[in-house]
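This briefing covers the nonpolar cores and the ligand site of one model. Please read the points below alongside the structure.

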Amino acid sequence: MNSKRVLISGGAGFIGSHVVRLFVNKYPEVEVINLDALTYAGNLENLADIDNLPNYKFEKGDITDEEYINDLFKKYDFDGVIHLAAESHVDRSITDPLSFIKTNIVGTVNLLNAARNHWNGEYENKLFYHISTDEVYGSLGETGLFTEDTSYDPRSPYSASKASSDHLVRAYFHTYGMPVVISNCSNNYGPNQFPEKLIPLVINNIKNMKPIPVYGKGDNIRDWLYVVDHARAIDVIFNEGKHGDTYNIGGINEWTNIDLIRVMCRVMDRKLNREAGASESLITFVKDRAGHDRRYAIDSSKLMNELDWKPSLQFEEGIEKTIDWYLENEKWMKNVIDGTYEKYYNRQYEER
Ligand code: NAD
Ligand code: DAU
């Protein structure tokens with residue numbers, strides 16, 4: 001590890017909290033500063049197990065605040081940045097695109113500028129690592145995989161804002177010589193994911209015997225990766241990735257939404273001692289997502305061959321672990337499902 005002081009943005013969110021935990025535990029000699037605005041998606045409870053460790057610090061702040069970000073670089077003299085802070089939910093981007101433009105594009109440029117100003121052309125042992133998504137590549141047909149050379153074709157305000165931020169990060173590499181690396185990952189699942197996303201939403205609804213909303217026919221396909229395996233990939237890429245390069249990260253694990261939900265129903269029936277089929281009866285087909293991307297699937301062979309990473313968990317094991325975590329952490333779910341969530345949920349699903 002070249003870095004002594006690493007800024008992790010968005011560290012109170014789903015993936016960020018797993019990355020913070022891995023770095024704080026694995027690198028006790030490295031100071032990890034978690035910068036997070038604590039939006040509805042940020043939750044310090046996600047890090048309760050490590051928040052008193054001496055190499056961890058939390059800073060509440062907004063990446064869109066230029067002055068604040070510049071001051072933070074002066075205060076800590078970061079040599080590494082792992083940038084995860086973002087608005088991350090596609091459905092929210094359809095109803096409110098502007099907040100995605102502000103956080104995902106303007107916020108990323110603020111961080112790039114602060115790093116550039118602070119490092120002032122002295123780039124030895126410095127790195128800006130931008131975390132992105134496979135959604136920038138658009139939508140696949142029945143066959144084929146996204147590679148690092150696939151042309152960008154974002155189709156939602158969320159993916160367009162992430163694509164834009166990827167282009168800007170690359171522009172800082174080519175124009176200013178800033179050392180950067182980018183990774184584009186497929187759908188993550190696991191503990192601590194906010195229940196607006198499919199898997200925790202389905203777990204929560206099954207548990208409470210509420211309808212399971214399936215968009216369209218449920219035949220859209222996603223490639224699911226256990227979140228800890230994404231954090232492991234981020235660690236490897238941060239330490240060994242080639243500057244200026246992009247790495248795709250995926251689970252080699254494609255599922256149609258409806259098949260995935262049916263598996264979850266069976267596992268939940270067993271765990272909750274319900275009659276077989278009880279949870280499946282909750283499946284409700286609802287109006288499709290606007291511009292719903294048909295299929296995502298990642299070719300991670302570059303990461304596997306060059307940096308020797310591969311997913312460690314089979315999906316069957318990962319989904320059991322995930323369901324167990326949500327069932328054992330009722331309090332976590334109760335705390336995130338407040339009045340604001342209820343309002344979001346009703347607005348999002350009432351008219352479908
Ligand atoms: P999340 O929504 O769970 O967490 C985002 C975090 O960013 C939250 O803690 C939030 O408080 C913080 N944040 C939001 N706006 C901020 C701002 N203006 N200033 C500072 N902090 C702010 O998201 P996630 O699912 O953990 O995704 C993290 C990153 O990984 C995102 O960049 C996302 O695009 C990318 N990604 C996610 C997935 C996935 O399946 N979830 C897959 C690939 C890539
Ligand atoms: O591919 C990576 C992306 O995965 C990340 O960049 C995003 O941040 C992350 O949110 C995720 O995007 P998706 O749109 O694929 O995830 P979501 O959990 O919202 O939906 C997964 C699939 O399930 C998708 O095809 C839409 C469908 N869906 C979703 C919800 C919330 C439903 O059928 N019903 C639902 O209620």
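Apart from neighbours within four places in sequence, Ile212 is in contact (heavy atoms within 4.5 Å) with Val202, Asn205, Ile206, Ile261, Cys265, Ser279, Leu282, Ile283 and Thr284. This is a predicted model, in which local features need pLDDT of at least 70, side-chain atom pairs count only at pLDDT 80 or more, and totals for chains, interfaces and linings use all residues. Residues are numbered from 1 along each chain as its sequence is written, chains are lettered from A and ligands numbered from 1 in written order, and side-chain values use heavy atoms, without hydrogens and water.

**Nonpolar cores**
- The largest nonpolar core (buried Ala, Val, Leu, Ile, Met, Phe, Trp, Tyr and Cys joined through side-chain atoms within 4.5 Å; buried means under 20% relative accessible area, 1.4 Å probe, protein chains only) has 39 residues, and Ile199 and Ile212 have the most contacts inside it.
- Elements supplying at least two residues each include helix H6 (198-207), strand E8 (212-215) and helix H8 (257-271); helices (H or I) are DSSP runs of at least four residues and strands (E) of at least two, numbered from the N terminus.
- H8 gives the most to this core, eight residues.
- A second, separate core has 35 residues, among them Tyr129, Leu225, Ala231 and Ala233.

**Ligand 1**
- Ligand 1 is surrounded by 28 residues (a heavy atom within 4 Å), the closest being Ile15, Asp36, Ser88, Tyr158 and Lys162.
- Oxygen atoms of ligand 1 lie 2.6 Å from a side-chain N or O atom of Tyr158 and 2.7 Å from one of Lys162.
- E5 gives the largest share of the shell, three residues.

Technical notes: Buried < 20%, exposed > 50% of the residue type's maximum accessible area, 1.4 Å probe, protein only. Polar contact = N/O pair within 3.5 Å; in protein donor to acceptor, adjacent residues only side chain to side chain.
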